[in-house]
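Q: I should like to learn how backbone angles and helix faces are read from a model. Where should one begin?

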Amino acid sequence: MAIGSGLGAQLGISAESTYGTFVASTKFIEFTKESLVLKKTTAQSAGIAAGRLLPLSSRRVVTQTEGSGTVDMEVTNKAMGLLLQGLMGTSVTPVQQVATTAYLQTHTLADTIGKSLTIQKGVPLTTGTVTDKTFLGCKIISAEFSCEVGQMLTATYEFDAKACDETQTLATASYPSMSPFHFGQLAVKTGTFGTEAARDGIRKISVKIERPQAVDRFYAGQAGTKKEPISNDQVKITGSIEMDYVDTILDDLHTSDAATSLVVEFIGPIIASTYAETFRIKLPAIKFDDAPPTVEGFAVVKPTLNFTGLYDGTNQPVIEYMSTDVTL
């Protein structure tokens, strides 16, 4: 029996071969909170019958079902690959670095068609029995990565799901030894693509990637469930940098509205040879939107610069992930 509280909860994930078709969990992710729920649309008969004061319960029908929610987590040095693939869209195979135990995943921005997940959620009753709620056809709608002074690198993933199945057998969770990326490993770099230089004074960084999709593809003959969502708008990349006002480099970019490449990287311990645990976001072109700085008292001036990620005409945004994971 598990602990009869959130301490006994679990999340398992797996890549689907066919949208909305169950695949048993192969990875178990550690999370801090989640809000995955079944959403149902109902219709109530409004037929008039002499003397009937209430609608009949037998005349209420469920016309369509779907799921949605978010999962918050710390970004760790293992088991992140399936989520990154679902977000970025490229089919990725980890590449072994020479003959070491280090494997590099390169997640380049692409369409996300065919990239869906089964997410199996275990929710404990107070008795210790863990109930199964399996979400099928999970598509990542957005993800936000954030880190600030003294904290872990965190991620919030937003999902749309085809259905919630409560008839599956709950998989037994197992977790590899993992450690989180954190502020002490962070470097923020800007400049010309490929030769970016580290910036001083950075206190907080966040990057959000949104994948707009048509999530309302409900058609006749689908038993009230949806077809796989498809992209229906351009990708939106936004973020912010909070810093002490140590120089005017980023401020000047706001003034001129010039583009710069942005690299947000976390370099952890060496895995083998010269290859270290790595989580790196590369945005070849960003432009700053808001006007820093302002003086609000005696304290050190701390501008927050909001930015938009754009296409530089040649290079796509990339998330690189170096770990010991041989597979996603």
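A: Let us begin with Ala-79 in this predicted model. Ala-79 is buried, with a relative accessible area of 5%. Ala-79 lies in the loop between strand S5 (60-74) and helix H1 (81-88).

Q: What is the sign of phi at Ala-79, which is not a glycine?

A: As a general idea, most residues other than glycine have a negative phi. Ala-79, although not a glycine, has a positive phi of about 70°.

Q: Is Ser-273 buried or exposed?

A: Residues over 50% relative accessible area count as exposed. Ser-273 is therefore exposed, at 56% relative accessibility. Its backbone also has a positive phi, of about 55°, although Ser-273 is not a glycine. Ser-273 is in the loop between strand S18 (260-272) and strand S19 (275-288).

Q: How should one read the buried residues of helix H2?

A: An α-helix has 3.6 residues a turn, so residues three or four places apart point the same way. In helix H2 (residues 249-256), the buried residues are Leu-250, Asp-251, Leu-253 and His-254. They cover an arc of only 155° around the axis, so they are on the same side of H2.

Q: Which elements cover the buried residues of H2?

A: Among them are strand S12 (186-191), strand S14 (202-210), strand S17 (236-243) and strand S20 (304-310). S18 and S19 also belong to this cover.

Q: What residue follows H2, and what is its phi?

A: Asp-257 follows H2, and its phi is positive, near 60°.

Note on methods
Residues numbered from 1 in each chain as written. Predicted model: local features only at pLDDT ≥ 70, side-chain atom pairs only at ≥ 80, totals over all residues. Heavy atoms only, no water. Helix = DSSP H or I, 4+ residues; strand = E, 2+ residues; numbered from the N terminus. Buried < 20%, exposed > 50% of the residue type's maximum accessible area, 1.4 Å probe, protein only. Arc of directions from axis to C-beta. Contact = heavy atoms within 4.5 Å.
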